[in-house]
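Work through the exercises below with the structure in view. Try each task before reading its solution.

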Amino acid sequence: MARSSGSTGPTLAVVAREAGVSVPTASKVVNGREDVAPETRRRVTEVLDRLGYIRRPRCETPKPAPMVDLVVHSLDSAWSGAVLHGATEAAHEAGLEVVVSAAATRGRGGPSEHGWPDKLYARGSSGVLFHLTELAPVQYAWLDERRIPFVMIDPAHDPPPGVPSVAAANWQGGMAATEHLIELGHRRIAVIGGPGRAVRDGGRVAGYRSAMAAAGVPVPSAYVRYGDVSEAGARRRMAELLDLPEPPTAVFVCSDQMVPGVYQAAGERGLRVPRDISVVGFDDLPQARWITPALTTVRQPLSEMAAAALRKLLRLMTGEVPEAIRTELSTRLMVRSSTAPPLRALL
């Protein structure tokens with residue numbers, strides 16, 4: 001009797017001949033297909049049992065790993081690189097796949113204008129991480145209608161109530177930056193924040209105000225400046241500060257991205273950092289170590305924030321309720337070469 005390779009039982013061809021059916025029909029019975037007449041199925045099954053045909057285990061295609069989307073504002077920023085690293089590391093540990101998309105945050109045409117919502121829905125993504133300034137109300141509604149779980153990473157503006165997020169302890173960081181300058185002996189300390197309505201920058205400025213108040217140091221209104229996060233905008237704000245009758249001896253800049261503009265404005269006045277003016281940033285982007293002098297700055301743990309957001313998203317995907325809707329991770333002051341005691345002790 002002919003036998004199948006690696007088997008001690010009869011071949012499927014033998015079974016088909018004994019049952020009086022074709023090999024494809026016998027194969028359908030073996031594989032549990034439904035498109036076989038009941039009488040034919042009974043006859044083939046009897047032959048299978050009588051001859052002791054050994055059914056080989058079916059090779060099932062492994063199920064793909066669950067997939068989540070990471071949507072960032074752009075793919076060429078230092079922030080996105082750190083977020084991507086943290087999210088993918090945590091996803092690997094959880095057995096998830098991550099698909100990265102770049103998208104603007106707003107648009108008159110709603111979610112479909114940017115493409116990512118329709119694409120993630122078509123892919124069947126199990127959830128979404130957003131590293132965007134904010135979402136438009138229509139985008140929140142789109143996600144809610146489709147019951148897609150999502151988590152915001154470091155949003156600049158407070159998301160609606162109930163929207164889960166992971167952020168840095170901005171108030172704590174702003175206070176630590178300012179306390180460092182006070183401990184060095186500075187009293188004329190200014191701050192340059194990002195857009196005034198950004199809650200993230202507001203927290204950093206609030207930390208600055210708290211440190212100044214705790215030290216009994218008054219804050220002139222002219223020492224608090226807001227603008228965009230560009231180098232050009234920071235250069236203008238710094239020039240305004242240096243034009244004051246009593247210019248500051250130190251400045252807390254709420255984003256490392258603005259610091260080159262601050263350095264440039266100081267250099268245009270013949271001032272050197274930190275001999276003539278001390279500068280503290282916020283973020284600890286790679287450029288903080290490359291710039292000259294190396295920047296004293298507040299490190300916000302972007303990779304850790306992304307990993308925490310991924311774990312929070314995983315709980316949402318499994319139907320769990322997060323312990324906290326908003327999670328804040330501690331910041332840390334990184335002291336480098338851009339800060340020093342004021343040049344004259346009386347300042």
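**Exercise 1: a strand pair**

Val251 stands opposite Val279 in β9. The model is predicted, so local features need pLDDT of at least 70 and side-chain atom pairs 80 or more, while totals for chains, interfaces and linings use all residues. Residues are numbered from 1 along each chain as its sequence is written, and side-chain values use heavy atoms, without hydrogens and water.

Task: In which sense do strands β8 and β9 pair, and over how many bridges?

Solution. Step 1: locate β8 at residues 250-253 and β9 at residues 278-283; strands are DSSP runs of E with at least two residues, helices runs of H or I with at least four, numbered from the N terminus. Step 2: the two strands pair in the parallel sense over three bridges, where pairing requires at least two DSSP bridges.

**Exercise 2: the sheet**

Task: Find the order of the strands in the open sheet, and its edge strands.

Solution. Step 1: the six strands follow the order β7-β6-β8-β9-β10-β12, with mixed pairing. Step 2: β7 (224-226) and β12 (332-334) are the edge strands, as each pairs on one side only.

**Exercise 3: helices across the strands**

Task: At what angles do helices α7 and α8 run to β9 and β6, respectively?

Solution. Step 1: angles run from 0 to 180 degrees between N-to-C directions, with axes fitted to C-alpha atoms, for helices over the stretch in contact (heavy atoms within 4.5 Å). Step 2: helix α7 (residues 170-183) runs at about 165 degrees to β9. Step 3: helix α8 (residues 199-214) runs at about 170 degrees to β6.
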